[in-house]
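Please read the points below with the structure open beside you, and check each one by eye as you go.

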Amino acid sequence: MKDSVAEEHLYLDFSHQYGDSIFPLHTSISLFLLSYCDCKLFKIFLVPTGEDVDDQFVTKNLLGDLEFHLISRCQLPVVVQSCCLPAVVVKDGKFCRAGLSVVLRHIIQKTYEADQSKKDVLELLGFKKTCLKACAEVSQWTRLCEISIPLAVEGFLTASPERCQTIPPDILQLERKLGEPVRVHNDDKIRRQKLQQQKAGAKAAAPVLGKEATEEEKTVEMHEHPLPSLELSIAFSKLLVQDVSDAVNREAPCIRRTKTSDLPLLDHVFAEGLYFTMADIVLLPCIHQFLVPAKQLSVDELLRAAGCLWEGRAFQVSSKKQGKNLVNLPLISRWYRRVQEVPGIKKAAAKCNMKLLQLPELMSGPEEQLQDFSSVPDELEEENEHSHFIGGPRPTMTKLMENGIEAKFSPHPCPTWTLDWTNLPSAVNPGEGKMSRDRALRKQQQLNNLVAAVTKLAKPGDVIVDFCSGGGHVGIVLAHMMPSCQVVLIENKELSLIRAKDRSDELRLNNIWFIQANLDYFNGTFNIGVALHACGVATDMVIEHCVRARAAFVVSPCCYGFIQNTVKFKYPRSHQFKEILSYKEHMILCRFADQTAVQLPPERRLIGKQCMGLVDLDRAWAAEEHNYSVQVISMEPESCSPKNNMFVAQANSLLHRTVSVWK
């Protein structure tokens, strides 16, 4: 156990206590993970959302073995006040981690760093430590676990009886996810093992059942005496640090010759597949609260709501009360029971005063009916329909030209402006990293363009936010060049932000903060937003933040080929483009906008540049619909990057501010 671990402060929202859970559910989830990890490394502060929270009530009714402190929102560190909770900050530091997934991942990593015997805790991060690492803005799975299901359960519990007559769609979406085949690293080998187990089970069952047994009798016999699931064996052998039996691992020749397409699919054991991860920790307090019989429908109502009430397949329940309160979600129910078998879960639940339910075994309905009630929403089906297409950009570009729309670039306001890189401290210069000399020169040229534009917009006392900051190339230059401004770096990759902080510490900058978070968890006020090569949809996310804050912005887009419809953003963005182009036509422009690499023929690069200009013109017009003045400029020299477009935008007078909503 390491002794010298810096104390960190964990800030959690507290609105109320309902049953055996604390709300909002993000707080319950965070506390449950702390209990599961047996982590005492954080000083915990509860931030009441109301004024009438009693200190004695909190300490008496919440977790017994964790110490809590109440703090008002106005007493939060300034950097934390700019973020949604939960948030973690080093005591008296300027490095903040915000958002559920980021905070949970940090708790797991700090627990393991403090005690490296807790390898089971580190395993919660999943394969290659990527569990819930993708931001919720672009990952449907992260959004479902981190945002949608907690909000759905909270809404369900507070809804009127009339409004809670149906199971929330996000809960049904989780049920569907648990029914999908599992894909894991090296699953070909595991699927062959499963095929071998199935063949062994069929042979073992044959003499017992006899030739005269009916199909129904065989089904009953196999249900009463099921073989151990290979997936279960693998999942729990990992949890218990055991090896799967050698007999299972040896493959018969006929198994080795079986085509991959003929192998059986793997079933879910836990939320992300075969292995217990942080996703299960996130979902358990939510699903538990949903299953608690306090505000549930009768079983018949739930069966009808889920669309899976089929003849002769009603559940066997242990009591009338439980029968009325049990949700007809067989896969979620099975998952809920299985999670309780994980070592440490029941102990953690007891610490949290969470009284886990003992659910009966539920019988799954016909597969087609389960798919029916949890089908993909229409808008996602439409999105998937257009995810694969062929064809060049010329018909789309011609269509726009016929409607008077062509790529437009404003003249560069200061094409020769440059920083005096030779006289700047080495920690400011991007060339001090692992870049080649040529790449460092191009990065300097890119920074010249952004810093020149920001310098013209900024005034003393302004807050400048460097979105998607990476290693801090833009933010550190701005903080060094403009000591009278406060600079905030926001990045969801921890290692990149740590490198940026190390450079800042070397320069002894006092006007810079670091926030590890997805963009949606930053809600602070600011005057100028900056982003250098924000990838794909991230450009639109940055512009959205700036428009909501009525902040000026200087943004250089990148990775146009990654643009696609998401839950929050639909393309095209502007009314003018929507009236002319379909989503598919707009995606063709985006794909060809990535064809600007220097290795490509000049004519093809020219078409790519025109497509970039059209995609960004659509974005510019969308911002102008919110009363912004926007210029699309080419960086100087254009050779500094294949992605050399740059937005320079300012909000018009507030007297003329539009009231339309950014969608």
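1. In β11, the residue bridged to Asp466 is Val530. This bridge belongs to the parallel pairing of strand β8 (residues 463-467) with strand β11 (residues 528-535), which runs over three bridges; two strands count as paired if DSSP finds at least two bridges between them. Helices (H or I, at least four residues) and strands (E, at least two) are DSSP runs, numbered from the N terminus.

2. A word on the basis of these values: the model is predicted, local features need pLDDT of at least 70, side-chain atom pairs count only at pLDDT 80 or more, and totals for chains, interfaces and linings use all residues. Residues are numbered from 1 along each chain as its sequence is written, and side-chain values use heavy atoms, with hydrogens and water left out.

3. The pair sits in an open sheet of twelve strands with mixed pairing, ordered β5-β4-β1-β6-β7-β10-β9-β8-β11-β12-β14-β13. Its edge strands, each paired on one side only, are β5 (68-70) and β13 (628-634). On average, and ignoring direction, neighbouring strands of the sheet are turned by 20° against each other.

4. Which strands does helix α23 (residues 494-507) touch as it packs on the sheet? Helix α23 touches β7 (95-98), β9 (486-491) and β10 (512-516), and its direction makes about 165° with that of β10; contact means heavy atoms within 4.5 Å, and angles run from 0 to 180 degrees between N-to-C directions, with axes fitted as lines to C-alpha atoms, for helices over the stretch in contact. Helix α24 (residues 538-549) also packs on the sheet, touching β8, β11, β12 (552-558), β13 and β14 (645-651), and its direction makes about 175° with that of β12.

5. By the rule that a salt bridge is a side-chain nitrogen of Lys or Arg within 4 Å of a carboxyl oxygen of Asp or Glu, the count comes to 18. One of them joins Arg73 to Asp13, with the closest N and O atoms 2.5 Å apart. Arg73 lies in the loop between β5 and α3 (78-81) and Asp13 in strand β1 (residues 8-14), so this pair ties together parts that are 60 residues apart in sequence.

6. Two packed helices are described by the angle between their axes and the distance between the axes. For helix α1 (residues 25-37) and helix α6 (residues 140-158), the axes come within 9 Å and cross at roughly 115°. Leu25, His26 and Ile29 in α1 meet Glu146, Pro150, Val153 and Glu154 in α6.
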